[in-house]
Amino acid sequence: MAMAALRREGRRFVVSLASSAPITARSSISSEEPCLFGVRSISTQIVRNRMKSVKNIQKITKAMKMVAASKLRGVQTKTEKSRGLWQPFVALLGDNLNVDVKKNVVITVTSDKGLCGGINSTSVKVSKALTKIYSGPEKETKYVILGEKGKAQLVRDSKNSIELTVTEWQKNPLNYTQVAVLADDILKNVEFDALRIVFNKFHSVVSFPPTVSTILSPEVVEKESEAGGRLGDLDLYEIEGGETKSEVLQNLAEFQFSCVLFNAVLENGCSELGARMSAMDSSSKNAGEMLDRLTLTYNRTRQASITTELIEIISGASALEG
């Protein structure tokens, strides 16, 4: 009641001043007053709109984290099962990064979508490092890029070295048949002595180190075998069907490449989902912290506005009494 009385007295005081002052003075007071109240209302409204947008962003990041977590369970099961496909080939055909050949092809496995931390940048950096290592006189290194993000980064400074790009290949859940067709296209369109597949190997939701797998061409494996190496040594195996050693190595190399590529794609997909979960969790926490700061700013601004109005009312009442 006392506050209401003070407000009424303040209004009467302002009206009495306006009626007794000249017309010019009354017009100046009426033009300044809305400006002051307008500034106060706009400042709080801006903060309120910002708080609303941050809340919406937080809802989106939480939803994306939940979607990534639900997808990760199924992909992780397929990835663990695919690891047994390529491991038997290591003893027979090898997986050695130090093999020196003339034609190297670096296959960079990345994602088509972002918001998954720095896994794509890591794969691109490793691919560029491999290119520097294997470059030299009478040597040639080319890129085969899987994924839109890897293409966007490598096309800036290595456009002439890109032999083949494949994008939008992760729209549907991948199976071995689709990856085998992709591997067949790469083998038909790219000449190589060694394929270096760069991908992120999934260990856990927070651990996915970059990994490189090497697939040698049948010709290189046969040369290594003839030189007395352990690669391509088929003497311990019984070959049926009347195929020659070169034909058997050709078939084994193609099958090895499709199996390793299938595992690399699944490993990288798991790593992408794990990285997206971590990134969206961090984004949700940052949005919550920003929302707390904006709430504090909004309360302080609103409190300052109310305090200023009370001071004006009390000052007007005091002047009226005086």
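## Exercises on a five-stranded sheet

Strand 5 (residues 210-216) is mostly covered, since five of its seven residues are buried (buried means under 20% relative accessible area with a 1.4 Å probe, protein chains only). The model is predicted, so that local features need pLDDT of at least 70 and side-chain atom pairs count only at pLDDT 80 or more, while totals for chains, interfaces and linings use all residues. Residues are numbered from 1 along each chain as its sequence is written, and side-chain values use heavy atoms, with hydrogens and water left out.

**Exercise 1.** Find the order of the strands in the sheet, and explain why strand 3 and strand 5 each have one side without a neighbour.

*Solution.* Begin with the elements: the protein chain has seven helices and five strands (DSSP runs, H or I of at least four residues for helices and E of at least two for strands, numbered from the N terminus). The five strands form an open sheet in the order 3-2-1-4-5, with mixed pairing (two strands pair if DSSP finds at least two bridges between them). Strand 3 (162-166) and strand 5 stand at the edges with a single partner strand each, and therefore one side of each lacks a neighbour in the sheet.

**Exercise 2.** Compare the direction of pairing between strands 1 and 2 with that between strands 4 and 5.

*Solution.* Strand 1 (residues 103-109) pairs with strand 2 (residues 140-146) in the parallel sense over seven bridges, and N104 has T141 in strand 2 as its bridge partner. Strand 4 (residues 194-200) and strand 5, by contrast, run antiparallel and are joined by seven bridges, with A194 opposite L216 in strand 5.

Definitions and conventions. Buried < 20%, exposed > 50% of the residue type's maximum accessible area, 1.4 Å probe, protein only.
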